[in-house]
Amino acid sequence: MSMFTKFFKGLIHKRDPEEHPVTVKEKPKPKFYGTVAPYPNFNASTDASVLQSAIESKHEDVIVSVLVKRNNDQRQMIKAVYESSTGKNLVKSLESVLSSHLEDASLALLMKPAYYDAHLLRNATKGVGTDEAVLVEVLATRSNKEIEEIKQVFKKEYGVDLERAIKDETSGDFTQALLSMLSAKKDESTVVDMELARKDAQILFEAAETSRKVNVSTFINILTTRSGPQLSKMKCAWNTPAFFAEKLCHAMKGVGTRDRTLIRILVSRSEVDLKKIVEEYQAMFGRSLQDDIVADTKGEYQKVLLGLCGAQ
């Protein structure tokens, strides 16, 4: 069972965050829990021109202001206008004037979500060693639709199936668990089957309390395919905001800062549920995420991270 300790550590929390859908024209629409919303009165041409001037004059603060205050769709439009009007690649232009963690964060903001996730998974599965934490983080917290898109982008960008890459870099039950999530068959409905919840709870209880051989396939199937509401009825709540809050805290704990973790989480969740993560952080640790970022980072890089966190 050691695989499960490693695999699900941090994913399962007692607190079960409630979703509160709002209704628009009689159709349920989930509330927006991101921290970066579409910028009002947006003008891609104006922003592209501002960026061009900021890059030429090396004004990092202006670059940060534009990138952080626009959502991903708007950044893609700015990028397209910039490149068509200047004949230059925006990524390369930014690389020429930015450096270190500020450069990493800025370039991450310019990537479409699926491309960024594919990039993260590629880095996690290449070179010496495998970043298992990143594999779990991405595959366990993306929707079925997002996972399908990530697989397509991964194949397109890197010429290999994501499934093949995972099989080559991992082994045993851990591989099986990852591939189960990669199949994108997680139940995403809000309907709870109480009888199924009782049966699943009994299976998990027996697996945890007995020393006999566990049916690993059944165990993995339960924890990777049931919906959040379904898991919560088994007293096994999959609290995504708490999961990310804990990872952010660990990234700034002790000597040194795990900047790649900070950038990865704040960028990828800024239009998803970062508002909830910020609230969960405060509830779990008794201090604000923003205060810890101020204590651990500096300069324009710090401003990028704080900008993604939203108003305190």
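What share of the 312 residues of the chain count as buried? The figure is 45%, and the model behind all of these views is a predicted one.

**Figure 1. The whole chain, before we zoom in, has 19 helices and four strands.** About 16,400 Å² of the chain is exposed, and carbon and sulfur atoms supply 50% of that area. Take the contacts between residues at least 6 apart in sequence: 71% of them join residues at least 24 apart. A search of the whole structure also turns up 13 salt bridges, a few of which get their own views below.

**Figure 2. Helix α4 carries a salt bridge between glutamate 83 and lysine 79.** The two side chains meet with N and O 3.5 Å apart. Both residues belong to α4, which runs over residues 72-86, and they sit four residues apart, or about one turn of the helix. In general, an α-helix has 3.6 residues a turn, so residues three or four places apart point the same way. Glutamate 83 is partly exposed, at 24% relative accessible area, and lysine 79 is partly exposed too, at 21%.

**Figure 3. Helix α10 holds a pair of salt bridges, one of them linking lysine 167 to glutamate 163.** For lysine 167 and glutamate 163, the N to O distance is 3.0 Å. They are four residues apart in α10 (residues 162-169), so about one helical turn separates them. Lysine 167 is partly exposed at 36%, and so is glutamate 163 at 38%. The other bridge joins aspartate 168 to arginine 164, with the closest N and O atoms 3.1 Å apart. Here again the partners are four residues apart in α10, about one helical turn. Aspartate 168 counts as exposed because its relative accessible area, 51%, is over the 50% cut-off. Arginine 164, at 42%, is partly exposed.

**Figure 4. Glu137, Lys247 and Arg264 come together in a network of salt bridges.** This view picks out the three side chains of that network, with Glu137 shown alongside Lys247 and Arg264.

**Figure 5. Threonine 297 sits in the loop between α18 and α19.** The loop lies between helices spanning 289-296 and 299-309. Is threonine 297 buried or exposed? It is buried, at 10% relative accessibility. A polar atom of the threonine 297 side chain lies 2.7 Å from the backbone oxygen of isoleucine 293. If you set aside its neighbours within four places in sequence, threonine 297 touches Asp259, Leu262, Gln302 and Leu305.

**Figure 6. The buried residues of α19 pack against five named helices: α3, α6, α16, α17 and α18.** On the α19 side, the buried residues are Glu300, Tyr301, Gln302, Val304, Leu305, Leu308 and Cys309. Among their packing partners, α3 covers 60-69, α6 covers 100-109, α16 covers 259-269 and α17 covers 274-285. Just past the end of α19, look for glycine 310, which takes a positive phi of about 85°.

**Figure 7. Three aromatic pairs turn up in the structure, and phenylalanine 243 with phenylalanine 244 makes one of them.** The ring centres of phenylalanine 243 and phenylalanine 244 are 5.1 Å apart, and the planes meet at 55°, a tilted arrangement. Both partners are tucked away: phenylalanine 243 is buried at 5% relative accessible area, and phenylalanine 244 is buried at 0%.

**Figure 8. Two tyrosine rings each have a charged side chain over the face, starting with arginine 70 over tyrosine 39 and then lysine 276 over tyrosine 33.** Arginine 70 lies 3.7 Å from the ring centre of tyrosine 39. For lysine 276, the charged end sits 4.1 Å from the centre of the tyrosine 33 ring.

**Figure 9. Isoleucine 220 is found in helix α13.** The helix runs over residues 216-225. Which term fits isoleucine 220, buried or exposed? With a relative accessible area of 1%, isoleucine 220 is buried. Serine 180 is 40 residues away along the chain, yet the C-alpha atoms of isoleucine 220 and serine 180 are separated by 7.5 Å.

Terms used. Residues numbered from 1 in each chain as written. Predicted model: local features only at pLDDT ≥ 70, side-chain atom pairs only at ≥ 80, totals over all residues. Heavy atoms only, no water. Salt bridge = Lys/Arg side-chain N within 4 Å of Asp/Glu carboxyl O. Helix = DSSP H or I, 4+ residues; strand = E, 2+ residues; numbered from the N terminus. Buried < 20%, exposed > 50% of the residue type's maximum accessible area, 1.4 Å probe, protein only. Polar contact = N/O pair within 3.5 Å; in protein donor to acceptor, adjacent residues only side chain to side chain. Contact = heavy atoms within 4.5 Å. Phe/Tyr/Trp six-rings, centres within 6.5 Å; stacked < 30°, edge-to-face > 60°. Lys NZ or Arg CZ within 6 Å of the ring centre and 35° of its normal. Areas by Shrake-Rupley, 256 points an atom, 1.4 Å probe, with all protein chains shown as cover.
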